[in-house]
Amino acid sequence: MGIYKKILTKDFILMIICVILAGTAQMAVNTNLAGYVVGEVGLSQPQLGTINSVGGIVAVVAYPLIGVLCDKIPYKFSGVMGAVIHGAAFLMYLQANSFGSVMLARCLQFAAFGFILNAALSIASCVKKEWRSAAMTLYGLGPALSYFTGPQLGTSIIQNSGYGVVFKMCAVVAFITAVVFLFIGNVKMEADPNAPKKVVFGFEKTAMPGFILGLLILQIVFIGQTYATVSLLERGIVQAAAFWTVGAVVNIVARLFLTKIINKAGINKTFYFTVALLVVAVLCIALANNIGLVMLAAVCWGIGYNGTQACVMSVSVLRATPERLGQANSTHQMGHNASQIVWSPIAGVIIGIMGYQNMFLIMILPILAGIVFYLVYVRRMVNRTMEERAAAEQES
């Protein structure tokens with residue numbers, strides 16, 4: 001229990017609760033919005049696609065400002081602001097009856113959720129530098145649990161009470177999230193007096209490797225969420241939805257083991273292991289013709305994607321000074337969200353020409369490019385940073 005006791009403070013646990021609450025509301029709406037927008041508002045699927053793309057762009061553009069705000073004020077108040085805006089966005093869906101009004105609600109929802117996650121990541125980063133990788137892994141329990149609870153909760157409420165109740169429920173959950181954030185202490189790392197004063201507004205250059213890795217590798221989460229189920233159903237695998245259920249359970253359990261692994265083995269070795277499992281998962285999704293391969297894909301995905309994500313987040317904050325943790329996290333998030341904007345349209349074109357299975361095989365190529373980038377540059381950067389820290393500790 002050593003590493004867990006060091007990281008799982010009251011503030012860290014409250015932060016995880018906030019992420020679970022906000023993520024549950026986010027996923028409850030995300031996984032059911034298409035039915036509302038197309039069936040209730042009367043928009044078309046292409047219009048919904050445009051709304052999602054613009055929402056993603058707004059989130060990416062907002063991240064530099066979000067990062068600066070998180071570094072200028074206590075992280076918990078950043079979380080409160082994000083949660084209040086999140087709740088307002090859900091209430092706006094109740095009045096949305098046109099393309100423009102849905103677009104506005106969606107953009108606010110995306111930006112607000114990014115605000116919440118950036119505040120949460122910054123709180124998670126406020127541990128000793130040697131514990132940050134483990135903290136990033138434990139942080140992932142929040143999104144993992146929300147991916148499990150949100151879709152089921154949203155669908156169940158819609159079936160029994162309708163879309164309006166879902167939006168109201170999500171707004172209430174968002175405002176509860178804001179209240180929980182208030183109980184977190186004024187978590188903040190002490191500023192480094194030797195930190196450079198001239199910096200790029202909202203963008204942390206030391207997090208650039210995390211930005212690139214997010215752009216190249218973490219794109220697969222959006223591709224998987226959008227196309228994995230329909231691709232498997234097309235091949236006659238009627239239990240396709242089990243991929244996400246099993247993957248979520250494995251994800252939650254794996255986080256506990258990955259926390260110790262990344263703390264003992266280090267970022268590099270953990271990355272090699274988990275990114276290899278991620279590639280295996282994508283291959284299984286592409287080639288699956290029975291439920292056995294789907295289950296193998298789910299297990300590899302649950303460990304591989306989330307372990308890789310923890311490593312990328314760790315790389316993003318590895319060299320950030322205390323007063324720029326928020327901007328380091330926002331830089332990583334920019335890469336993750338930009339990947340959706342860049343790769344989702346490309347995946348759609350490939351599907352139209354070559355089908356779902358070939359699309360998944362081709363989308364392994366940017367992952368492999370990310371692995372090459374890691375081996376050529378990031379690996380050495382991680383080793384050098386760890387050596388410098390060890391030398392500094394010996395001198396002190």
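**Met-313**

I looked up Met-313 in this predicted model and found its relative accessibility to be 2%, so the residue counts as buried, the cut-off being under 20%. Met-313 lies in helix α14. Leaving out residues up to four places away in sequence, I listed its contacts as Leu-121, Met-136, Tyr-139 and His-332. I also checked the separation from Met-169: the two residues are 144 positions apart in sequence, and their C-alpha atoms are 31 Å apart in space.

**Met-295**

I then turned to Met-295, which is also placed in α14, the helix of residues 291-317. Is Met-295 buried, partly exposed or exposed? I read a relative accessible area of 25%, so Met-295 is partly exposed. Apart from neighbours within four places in sequence, Met-295 is in contact with Ala-242, Phe-243 and Val-246. From Met-295 to Cys-284, 11 residues away in sequence, I noted a C-alpha to C-alpha distance of 9.1 Å.

**α10 against α14**

I next examined how α14 packs with α10. The two axes come within 7 Å and cross at roughly 155°. Angles over 145 degrees count as roughly antiparallel, and α10 and α14 are therefore roughly antiparallel to each other. On the α10 side I recorded Pro-209, Gly-210, Leu-213 and Gly-214; on the α14 side, Val-312, Val-315 and Ser-316. By class, this contact of α10 with α14 holds four nonpolar residues, three polar and no charged.

**α10 against α15**

I compared this with the other packing I had for α10. Which angle and axis distance describe α10 (residues 208-216) with α15 (residues 325-354)? I noted an angle of about 25° and axes 7 Å apart. With angles under 35 degrees counted as roughly parallel, α10 and α15 are therefore roughly parallel to each other. The crossing of this pair is right-handed. From α10, the residues that meet α15 are Gly-210, Phe-211, Gly-214, Leu-215 and Leu-216. From α15, I listed Thr-331, His-332, Met-334, Gly-335, His-336, Ala-338, Ser-339, Val-342 and Trp-343. Seven nonpolar and seven polar residues make up the contact of α10 with α15, and no charged ones. His-332 had already appeared among the contacts of Met-313, and Gly-210 and Gly-214 among the α10 residues that meet α14.

**α7 against α12**

I looked up a further helix pair, α7 (residues 132-139) and α12 (residues 242-265), and found an angle of about 170° with axes 8 Å apart. That makes α7 roughly antiparallel to α12. In α7 the contact involves Ser-133, Ala-134, Met-136, Thr-137 and Leu-138, and in α12 it involves Arg-255, Leu-256, Leu-258, Thr-259, Ile-262 and Asn-263. I sorted these residues into six nonpolar, four polar and one charged. Met-136 is also one of the residues that Met-313 touches.

**Helix α9**

I checked the length of α9 (residues 163-182). At 1.5 Å a residue, its 20 residues should span 28 Å; the end C-alpha atoms are 29 Å apart, which agrees. Which residues of α9 are buried? I listed Tyr-163, Val-166, Phe-167, Met-169, Cys-170, Ala-171, Val-173, Ala-174, Thr-177, Ala-178, Val-180 and Phe-181. These buried residues pack against α2 (10-30), α3 (33-41), α5 (75-95), α6 (99-125) and α8 (141-161).

**Ala-83**

I followed α9 to α5, where Ala-83 is found. At 0% relative accessibility, Ala-83 counts as buried. Beyond neighbours within four places in sequence, Ala-83 is in contact with Ile-116, Ala-174, Thr-177 and Ala-178. Ala-174, Thr-177 and Ala-178 are among the buried residues of α9. I also noted 10.0 Å between the C-alpha atoms of Ala-83 and Leu-117, which are 34 residues apart along the chain.

**Met-363 and Ser-231**

I closed with two buried residues. Met-363 is found in the loop between α16 (356-362) and α17 (364-395), and its relative accessible area of 1% makes the residue buried. With neighbours within four places left aside, its contacts are Gln-219, Ile-220, Ile-223, Trp-343 and Ile-350. Trp-343 was listed above in the contact of α15 with α10. Met-363 and Gln-26, 337 residues apart in sequence, lie 26 Å apart in space, C-alpha to C-alpha.

Ser-231 lies in α11 (residues 219-234) and counts as buried at 0% relative accessibility. Not counting residues up to four places away, Ser-231 touches Tyr-356, Gln-357 and Phe-360.

Definitions and conventions
Residues numbered from 1 in each chain as written. Predicted model: local features only at pLDDT ≥ 70, side-chain atom pairs only at ≥ 80, totals over all residues. Heavy atoms only, no water. Axes fitted to C-alpha atoms, helices over the stretch in contact; angles between N-to-C directions. Helix = DSSP H or I, 4+ residues; strand = E, 2+ residues; numbered from the N terminus. Parallel < 35°, antiparallel > 145°, perpendicular 65-115°, else oblique. Left-handed = near helix turned anticlockwise from the far one by under 90°. Contact = heavy atoms within 4.5 Å. Nonpolar A, V, L, I, M, F, W, Y, C, P; charged D, E, K, R; others polar. Expected span 1.5 Å × (residues − 1). Buried < 20%, exposed > 50% of the residue type's maximum accessible area, 1.4 Å probe, protein only.
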